[in-house]
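Reader: I should be grateful for a close look at a single part of this structure, namely the surroundings of the ligand. Please set out what lies around the ligand and how the neighbouring backbone is arranged.

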Amino acid sequence: MSYAAVGPAVPAVPPAAVLCGVGAWVPPRVVTNDELAIRLDTDDTWIRTRTGIRARHVLEPGQATSDLAVEAGRRALACAGIVAGEGVDAVVVATTTPDRTCPGTAPLVAARLGLTGAAAFDVAAVCTGFVYGLATAAGLITAGVARRVLLIGADAYSTIVDPLDRANAIIFGDGAGAVVLRAGNADEPGAVGPFDLGSDGAHEDMIMVAAGGSRQPVTLDGTSRTDRHFAMRGKEVYRHAVTRMTESARTVLSKAGWKTDDVDHFVPHQANLRILCSVADDLELPRERCVTHVESVGNTGAASIPLALADAAARRTLTPGDRLLLTAFGGGLTWGSCLLTWPTLPTPAPPHHQGEHRTP
Ligand code: COA
């Protein structure tokens, strides 16, 4: 008996997710190391030598993560040539600092971008959020659930870091970066993948905000200031970050059959310049292939990779056909990597305001 008449013998090739737009935004207010040194027992030399950071951008009081996300999303949609949100089926926001514990931030961002009706949800994987979000957004496309997805990494760490905690206040900044993915073919520039994702929850207390969730609800009398703020064991995080990022990068390269030398640009989560240089050295990647943006924006959490991408694209550092390795590490602990070949895109607007000094 032949089944030829009931349908195609060969299943259709599932679509791949292809990057077709990028954009980013940081708030105008710049906080330099010298400004931090006025209120904290620290100085510019200590911060620069330990982290590579010279300045960071912070929100004005009353602003929130969605304000960052909307600006970055708008820029990525413009870069993708999408007018008035037409044909975007899903909006994913990767963040550790949602506007509220409930509901998610993504539906509000979607509505403000004129995308009411699109699926919208948040991804929580701390500083690995963008890479997890990229895998999630790509999955929506390859599963046939969505044809076009807007993915935004947005964080406002200034809202959860204790301004008097010198160990953390020097590291973090606020910002957002976004990409648009569309359904396409696996062999075209911009196709994302393969991925490597991982976690180790045994170390959940290494990077944490202890209070505010169901484990330790905020109470008026019983919650200390420390419990409400972001806490991190910096030295241990440093070691785990270097090890996990290096391993994850190696894993994804081997999945794709790429050698380290095939990588034109290494775009790591911008945790700290020393971590990035250590990972590049361990991978035997020349440091000049490492895209860095941390000097002028600090660690912007889930925003850091798309922010670095948008900044490099705006400065025309990325050219079509360049091979990129994205690698992230964050609380959870979580880590992940992804490969892609840079597509032909219109040059996006720079994440910084015109005329602003990038490095004071
Ligand atoms: N200014 C001046 N001194 C500071 C300081 C600051 N901002 N922060 C800490 N110190 C002091 C400490 O109190 C300590 O003093 P002590 O020796 O008298 O106790 C000394 O500097 C060394 O502190 P330590 O925490 O051991 O410094 P470090 O060399 O490990 O650098 C970090 C601290 C946070 C910069 C470093 O651990 C780091 O980069 N960790 C990774 C953080 C990160 O990138 N996280 C994001 C991952 S997603």
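Author: One may begin with a detail of the backbone: L333 is placed in the loop that runs between β12 (323–330) and β13 (334–341). The peptide bond joining G332 to L333 is cis, with omega at about -10°. The model is a predicted one, and every value given here is computed from it.

The residues of this loop fall within the bounds of domain 2 (192–290 + 308–341), and this domain matters for the ligand site. Both domain 1 (16–184) and domain 2 give residues to the shell around the ligand, so the ligand lies between the two domains. The space that the ligand takes up is the second largest pocket. Two or more residues of the shell come from each of the elements α2 (44–51), α6 (166–169) and α8 (234–256). Of the elements, α8 contributes the most, giving four residues.

In total, 21 residues surround the ligand, and those that come nearest are T42, R50, R166, K235 and N272. Sorted by class, the shell consists of eleven nonpolar, six polar and four charged residues.

Three polar approaches to the ligand can be described individually. In the side chain of N272, an N or O atom is 2.4 Å from an oxygen atom of the ligand. R166 places a polar side-chain atom 2.8 Å from a ligand oxygen. For W46, the partner is a nitrogen atom of the ligand, which is 3.5 Å from an N or O atom of the side chain. On its own the ligand has 950 Å² of accessible area, and the protein covers 72% of this.

Helix α2, one of the elements that supply the shell, also has distinct features at its two ends. At its start, a side-chain oxygen of D43 comes to within 3.1 Å of the backbone nitrogen of T45. After the helix comes G52, which has a positive phi near 80°.

Further backbone features may be noted elsewhere in the model. A second cis peptide bond joins G193 and P194, with omega about 0°, and P194 belongs to strand β8 (residues 192–199). V126 is not a glycine, yet its phi is positive, at about 50°; this residue is located in the loop between β5 (119–123) and α5 (129–142). R316, likewise not a glycine, has a positive phi of about 60° and is found in the loop between α11 (304–314) and β12.

Definitions and conventions
Residues are numbered from 1 along each chain as its sequence is written. This is a predicted model: local features need pLDDT of at least 70, side-chain atom pairs count only at pLDDT 80 or more; totals for chains, interfaces and linings use all residues. Side-chain values use heavy atoms; hydrogens and water are left out. A residue is near a molecule or strand if one of its heavy atoms lies within 4 Å of it. A polar contact is a pair of N or O atoms within 3.5 Å; within protein, one must be able to donate a hydrogen and the other to accept it, and residues adjacent in sequence count only if both atoms are side-chain atoms. Accessible areas come from the Shrake-Rupley method with a 1.4 Å probe; for residues, only the protein chains shown count as cover. On a 1 Å grid over the protein atoms alone, a cavity is a set of points where a 1.4 Å probe fits but cannot get out, and a pocket is an open set with protein on both sides within 12 Å along at least five of seven lines; lining residues have an atom within 4 Å of a point. A molecule sits in a cavity or pocket if more than half of its atoms lie within 2 Å of its grid points. Ala, Val, Leu, Ile, Met, Phe, Trp, Tyr, Cys and Pro count as nonpolar, Asp, Glu, Lys and Arg as charged, and the others, Gly among them, as polar. Domain bounds come from an automatic or database domain assignment.
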